[in-house]
Amino acid sequence: MSSSALIDKVLDTLQLVGISVSYFLLELLANKEYINHIAVKDILQNKQLILDALLKSAEDSLRTELKWATDLIKDICAREIVVLSAKESGYHFDVVHTVPEQLEDFSIEELAKDMEKLAPVTWDFLDTALSARTHQKIGAGKDRDEHQLVARMDSDEEAYWEELGEGDLEGIISGLTNDAESSVENQRKAKALLRKVTVLSIMMRSTNQRSNTLQSLMGMFLQSTHTLQKVIETLERMGVSVSVNAIFAATRSLSVQTHHTLRSLGQSLLAAYAYDNFDVDLKSHEHKIENSNESLKHLTSGLMFPLQHCTSQEDLKCSKELWLKSSLNPQAEVLPKRGWKDLLSLQPDTPNSSGLTHRDRFNSWKFLSDLITYGPPYFMQFKDRLREPELFEGIPVIKTPTIAALAMDVSNSTVAGNIQSVINLLEQGGITEPGTFDDPEIPDISEYVVLFHGNLGTGEWLQAVQQRRAIENTPWD
């Protein structure tokens, strides 16, 4: 018997007992007595197919009848965005009081999680709206392989971005995925996540101007990449960035915060300094003969970072001892010259019962590790039996924060430039020459050692500085 004949028989039976099809379905779904009936379970399992069939068979009439559903969804989305853009959600960015922690702690992934939690309906809607072509093709080709459709569209999108060039977006996407060499599927999900966060952030700012976390950070990023002011103003009107004035306000706030942090760290005497040169090509809008060769500027960048691993001021109070042993001190005691082999005796390495020193035991472990990892496949069976290397006076791994100092209009390719770089960095750290200040907050560093780091030539330049100032009376001058 054909399917049409079966359906006609069911319809005749319903008409015979005096029940319409709509009444039958409504009563079947509403009556709790039938909640576990096989017919109810079948309807619920295929509800999506039933709704799709309703939309296709009566699209024009249902457009009016389903208006209540669209109005309901719009109301839900509006309420979710209001909640998400409220101050309590934590995404109001006060540019006037910007602090470095706001930039360091920001995570697009965390923002996406909060958006999905506070606005689930809007989040799901954006997921569908931003991949409408995927949903449409999969819905229209249910008899074909869904994965083939998605893979084909991913390939088209990947070719598009490869031709256009993703720029810095590639770094953001790799940060959102678990592996730098993640699959195309993970890359697609990361791009979709970025788009949803961006669109929802625009909605949040349209609802509440103070809900501008993503826009503020985007503005700071544009400023750091020297984006043209007209471009920033255009993106601000689109809702993707904050205004130029807001960016300047945030920059001033960060500069003040950094200034206080540098002085506080420098005056603790527990800071190390680093500097290096960099070049900037200051292109002129008006090309003139007299300034055609002066666009390249040689500047110096600087960093400060705290000394870790329980370093104390007492550990650095050894300036006098170093001076007594310095070759620049005419009254220093003459010490015998030593070579690299003398370093081996600094840490005595007593052999164990097997006659192996710590160095020998590590070399043995390294040999076995390489043999298992890179040797013939036979040795892979011993991987679980290889333990971690023996720890000997291990230094704990600590994340060291670095603070950028103000760039200096100094070329450190000369001895005088290195002197200026050191003095400038110390001043930014709140340290000046002993005896030239009367501020009780400025510490006297004449008895302490200050550590400086640089490139391969920095040590030679600083040694040249010491040699030029070799006639000294005290450890400081």
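## Exercises on a predicted protein model

The protein has 21 helices and four strands; helices (H or I, at least four residues) and strands (E, at least two) are DSSP runs, numbered from the N terminus. This is a predicted model, in which local features need pLDDT of at least 70, side-chain atom pairs count only at pLDDT 80 or more, and totals for chains, interfaces and linings use all residues. Residues are numbered from 1 along each chain as its sequence is written, and side-chain values use heavy atoms, with hydrogens and water left out.

### Exercise 1: Confidence

Find where in the protein confidence is lowest and where it is highest.

*Solution.*
- Step 1: Start with the score, pLDDT, which is the predictor's confidence in each residue, from 0 to 100. Its mean for the protein is 82, and 82% of the residues reach 70 or more.
- Step 2: Now look at the elements. Helix α12 (residues 169-176) has the lowest confidence, with a mean of 51, while strand β4 (residues 451-453) has the highest, at 93.
- Step 3: Check residues 140-144 too. Their pLDDT stays under 50, and the model gives them two contacts beyond four places in sequence; contact means heavy atoms within 4.5 Å.

### Exercise 2: Two loop and helix residues

Decide whether Ser211 is buried or exposed, and then do the same for Met218, with "partly exposed" as a further choice.

*Solution.*
- Step 1: Learn the classes: buried means under 20% relative accessible area, exposed over 50%, and partly exposed in between (1.4 Å probe, protein chains only).
- Step 2: Locate Ser211 in the loop between α13 (184-207) and α14 (213-224). Its relative accessible area is 1%, so Ser211 is buried.
- Step 3: List its partners. Leaving out residues up to four places away in sequence, Ser211 touches Leu84, Ser85, Tyr91, His92, Met204 and Arg205.
- Step 4: Turn to Met218, in helix α14. Its relative accessibility is 29%, so Met218 is partly exposed.
- Step 5: Apart from residues up to four places away in sequence, Met218 touches Val240 and Ser241. Glu236 is 18 residues from Met218 in sequence, and their C-alpha atoms are 9.9 Å apart.

### Exercise 3: The largest nonpolar core

Work out which residues of the largest nonpolar core touch the most other members.

*Solution.*
- Step 1: Recall the idea: in soluble globular proteins, nonpolar side chains tend to be buried together.
- Step 2: A nonpolar core is a set of buried Ala, Val, Leu, Ile, Met, Phe, Trp, Tyr and Cys residues joined through side-chain atoms within 4.5 Å. The largest has 22 residues, and Tyr273, Met304, Leu425 and Ile431 touch the most other members.
- Step 3: Trace the elements. At least two residues each come from α16 (244-267), β1 (271-281), β2 (296-306) and α20 (415-428). The largest share, five residues, is supplied by β1.
- Step 4: Zoom in on Tyr273. Beyond its neighbours within four places in sequence, its contacts include Leu303, Met304, Leu425, Ile431 and Phe452.

### Exercise 4: A patch on the surface

Find which helix gives the largest share of the nonpolar patch.

*Solution.*
- Step 1: Patches are made of residues with over 30% relative accessible area and no salt bridge (a side-chain nitrogen of Lys or Arg within 4 Å of a carboxyl oxygen of Asp or Glu). Like charges are joined within 9 Å, and nonpolar side chains (Val, Leu, Ile, Met, Phe, Trp, Tyr) within 5 Å.
- Step 2: The members are Ile7, Leu11, Val21, Phe24 and Leu25, together with about 410 Å² of accessible area, by the Shrake-Rupley method with a 1.4 Å probe, where for residues only the protein chains shown count as cover.
- Step 3: Both α1 (3-17) and α2 (21-30) supply at least two residues, but the largest share, three residues, comes from α2.
- Step 4: Leu25 is in α2; with 37% relative accessibility, Leu25 counts as partly exposed.
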